Amino acid sequence: MSTAVLSIGSNLGDRLALLQSVVEDLGSRVTAVSPVYETEPWGGVEQRPFLNAVVIASDDVDPIDWLDLGQALENAAGRVRTQHWGPRTLDVDIVTVADPAPVQCATERLTLPHPLAHERAFVLVPWLAADPSATLTVDGVQRPVAGLVAALDPAERAGVRRTDLELSCG
């Protein structure tokens with residue numbers, strides 16, 4: 001049984017409904033869902049703010065299966081990859097997979113843990129809300145996500161604003 005931490009985001013169309021579609025499609029595999037946050041776009045491309053959340057899910061699959069599932073969810077939401085870090089209907093990033101220990105891999109298709117997760121408040125803040133004891137391997141060392149959040153630039157953290165929106169599990 002593997003457990004995946006999925007960072008989900010949307011800034012096109014009905015952002016909340018697109019995030020909800022991930023939770024619904026994962027169904028009984030979902031073990032935790034963060035609150036929904038509105039975040040400034042990351043990567044320097046001028047665009048609308050994102051809604052972001054983290055979903056934690058478990059299933060008897062390997063890391064590539066999680067990647068394939070995430071990409072299938074993006075495709076179902078009409079995701080078109082035209083601009084790096086550009087606007088998107090749905091983004092599903094595999095942050096980390098544990099089976100049961102954290103998986104480390106670097107292939108052409110997948111790098112785990114996600115190589116930039118420790119720098120992204122829009123990933124770390126929702127993840128911490130979903131799992132206050134979460135840890136992430138950074139440079140080969142398991143680090144508490146709470147410490148990674150605290151180490152972020154205050155402006156980066158301020159760009160992640162909790163909303164009153166929620167994702168429903170079942």
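Visitor: Why does Ser 10 count as buried?

Guide: In this predicted model, Ser 10 has a relative accessibility of 0%, and because buried means under 20% relative accessible area, Ser 10 counts as buried. The residue is found in strand β1.

Visitor: Which residues does Ser 10 touch, not counting residues up to four places away in sequence?

Guide: Ser 10 touches Arg 15, Leu 18, Leu 19, Pro 49, Phe 50, Leu 51, Arg 88 and Thr 89.

Visitor: What makes the pairing of the Ser 10 side chain with the backbone oxygen of Thr 89 a polar contact?

Guide: A polar atom of the Ser 10 side chain lies 2.6 Å from the backbone oxygen of Thr 89, and since a polar contact requires N or O atoms within 3.5 Å, the distance of 2.6 Å satisfies that cut-off.

Visitor: Is Arg 88, which Ser 10 also touches, buried or exposed?

Guide: Arg 88, in the loop between α2 and β5, has a relative accessible area of 10%; the limit for buried is under 20%, so Arg 88 is buried. Its side chain also makes a polar contact, at 3.2 Å, with the side chain of Asp 91.

Visitor: Which residues have the most contacts inside the largest nonpolar core?

Guide: That core has 26 residues, and those with the most contacts inside it are Ile 8, Leu 26 and Ile 94. At least two residues of the core come from each of β1 (2-10), α1 (15-26), β4 (50-59), α2 (63-76) and β5 (91-98), with α1 giving the largest share, 5 residues. In soluble globular proteins, nonpolar side chains tend to be buried together.

Visitor: With which residues is Ile 94 in contact, leaving aside its neighbours within four places in sequence?

Guide: The contacts of Ile 94 are Val 5, Leu 6, Trp 66, Leu 67, Leu 110, Leu 112 and His 114. Apart from the largest core there is a second, separate one of 22 residues, which includes Ile 56, Leu 124, Val 125 and Val 138.

Visitor: What lines the second largest pocket, and how do its residues divide into nonpolar, polar and charged?

Guide: The second largest pocket holds about 230 Å³ of space and is lined by 15 residues, of which Val 5, Thr 96, Ala 98, Trp 127 and Thr 135 are the closest to its centre. Two or more lining residues come from each of β1, β5 and β8 (135-138), and the lining divides into 9 nonpolar, 5 polar and 1 charged.

Terms used. Residues are numbered from 1 along each chain as its sequence is written. This is a predicted model: local features need pLDDT of at least 70, side-chain atom pairs count only at pLDDT 80 or more; totals for chains, interfaces and linings use all residues. Side-chain values use heavy atoms; hydrogens and water are left out. A nonpolar core is a set of buried Ala, Val, Leu, Ile, Met, Phe, Trp, Tyr and Cys residues joined through side-chain atoms within 4.5 Å. Buried means under 20% relative accessible area, exposed over 50%, partly exposed in between (1.4 Å probe, protein chains only). Helices (H or I, at least four residues) and strands (E, at least two) are DSSP runs, numbered from the N terminus. Contact means heavy atoms within 4.5 Å. On a 1 Å grid over the protein atoms alone, a cavity is a set of points where a 1.4 Å probe fits but cannot get out, and a pocket is an open set with protein on both sides within 12 Å along at least five of seven lines; lining residues have an atom within 4 Å of a point. Grid points are joined across faces, edges and corners, and a volume is the space filled by probe spheres set on the points. Ala, Val, Leu, Ile, Met, Phe, Trp, Tyr, Cys and Pro count as nonpolar, Asp, Glu, Lys and Arg as charged, and the others, Gly among them, as polar. A polar contact is a pair of N or O atoms within 3.5 Å; within protein, one must be able to donate a hydrogen and the other to accept it, and residues adjacent in sequence count only if both atoms are side-chain atoms.
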